[in-house]
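Subject: Structure handover

Hello,

I am passing this structure on to you, with notes on what was found in it. Please look through the sequence and the coordinates before reading on.

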Amino acid sequence: MLALFAMPAFAETGLFQPSVGVDLVYNKADLDTGFKKIAEDKYSSFNITLGNKFNRFVGMDLFYQQSLTEKGPLVTNRIDTGRLKTGFKAYGLDMTGYLPLSCDWTALATVGAGRYNIKSKLFGVSEKENGTGLRIGLGTQYQISEHIAIRGLIRHVKLHGIDAVNSLNEASIGVRYTF
């Protein structure tokens, strides 16, 4: 409770500038060879962030990302015909570097890690794979007002511990509200 009353004081010092954000994300997956013919490699997802900017140059974001379920091409086995349905969820932490370019424009660089859960279903059989993603990104942010900014990012995510997907490339556009 004391932390809630102390927030304005920390905000004045610049040590505590919390933010929330929402992004729309286009994902392109680099699929393992065995999955290229049966799985969809393009996903739409959304990203929700809770962040803090520690000073003009460094910040941190906790994120949660979820894709829509996508259907791959038609697959036939001896008994049935169907489409592989896939989707993913992820959560983690990104550190963000800010480089002010003007009063309103800022260049962004991100590095982080996340936990990825990929779910697939074919012929009534579901399978889940969990792994770690190392994330690196570049982008820009435009400050619309004192509290509202829009940003665009491109990001590469190298996945470890997941057989079906080697990596993800992402392009996102979103809004940030800083308190």
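Which residues does Arg155 touch, not counting residues up to four places away in sequence? There are Asp94, Thr110, Arg135, Ile136 and Gly137, and also Leu168, Asn169 and Glu170. Please keep in mind that this is a predicted model.

Arg155 belongs to strand E8, which covers residues 148-160. Its relative accessible area is 10%, under the 20% limit, so Arg155 is buried. One of the residues it touches is Thr110, and the side chains of Arg155 and Thr110 are joined by a polar contact of 3.4 Å.

The chain as a whole

The chain has one helix and nine strands. In sequence order the pattern is α-β-β-β-β-β-β-β-β-β, with the helix leading and the strands following. The chain has 179 residues, and 36% of them count as buried. Its accessible surface is about 10,600 Å², and carbon and sulfur atoms account for 64% of that. Taking contacts between residues at least 6 apart in sequence, 57% of them join residues at least 24 apart.

Strand pairing

Strand E8, where Arg155 lies, pairs with E9 in the antiparallel sense over 11 bridges. Within this pairing, Ile150 has Val175 in E9 as its bridge partner. E8 and E9 form a hairpin with four residues between the strands. In that hairpin Gly161 has a positive phi, near 85°.

Strand E9 (residues 165-178) also pairs with strand E1 (residues 17-31), again antiparallel, over 13 bridges. E1 in turn runs antiparallel to E2, and 12 bridges join the two. Ser19 appears in both of these pairings: Thr178 stands opposite it in E9, and Gly51 is its bridge partner in E2.

The nonpolar core

The largest nonpolar core consists of 17 residues. Tyr116, Leu159, Val165 and Leu168 are the residues with the most contacts inside it. Two or more core residues come from each of E1, strand E5 (81-100), strand E6 (105-122), E8 and E9. Leu168 is also one of the residues that Arg155 touches.

Aromatic pairs

There are four aromatic pairs in the structure; two of them are described here.

In the pair of Tyr43 and Phe88, the ring centres are 6.0 Å apart and the planes stand at 80°. Why is this pair edge-to-face? The angle of 80° is over the 60 degrees required, so the pair falls in that class. Tyr43 sits in strand E2 (residues 42-53) and Phe88 in strand E5, so this pair ties together parts that are 45 residues apart in sequence. Both rings belong to buried residues: Tyr43 has a relative accessibility of 7%, and Phe88 has 5%. Tyr43 and Phe88 also form one aromatic cluster with Tyr116, a residue already listed among those with the most contacts inside the largest nonpolar core.

The pair of Trp105 and Tyr142 has ring centres 4.8 Å apart and planes at 50°. That angle is neither under 30 nor over 60 degrees, so the pair counts as tilted. This pair links distant parts of the chain, with Trp105 in strand E6 and Tyr142 in strand E7 (residues 125-143), 37 residues apart.

Are Trp105 and Tyr142 buried or partly exposed? Trp105 is partly exposed, at 39% relative accessibility, and Tyr142 is partly exposed as well, at 28%. Both values lie between the limits of 20% and 50%, so neither residue counts as buried or exposed.

Around Trp105

Leaving aside neighbours within four places in sequence, Trp105 is in contact with Pro100, Thr140, Gln141 and Tyr142. Gln141 is 36 residues away from Trp105 along the chain, yet the C-alpha atoms of the two are separated by 5.8 Å.

Regards

How values were computed:
Residues are numbered from 1 along each chain as its sequence is written. This is a predicted model: local features need pLDDT of at least 70, side-chain atom pairs count only at pLDDT 80 or more; totals for chains, interfaces and linings use all residues. Side-chain values use heavy atoms; hydrogens and water are left out. Buried means under 20% relative accessible area, exposed over 50%, partly exposed in between (1.4 Å probe, protein chains only). A polar contact is a pair of N or O atoms within 3.5 Å; within protein, one must be able to donate a hydrogen and the other to accept it, and residues adjacent in sequence count only if both atoms are side-chain atoms. Contact means heavy atoms within 4.5 Å. Two strands pair if DSSP finds at least two bridges between them. Accessible areas come from the Shrake-Rupley method with a 1.4 Å probe; for residues, only the protein chains shown count as cover. A nonpolar core is a set of buried Ala, Val, Leu, Ile, Met, Phe, Trp, Tyr and Cys residues joined through side-chain atoms within 4.5 Å. Rings of Phe, Tyr and Trp (its six-membered ring) pair if their centres lie within 6.5 Å; planes under 30 degrees apart count as stacked, over 60 as edge-to-face and the rest as tilted.
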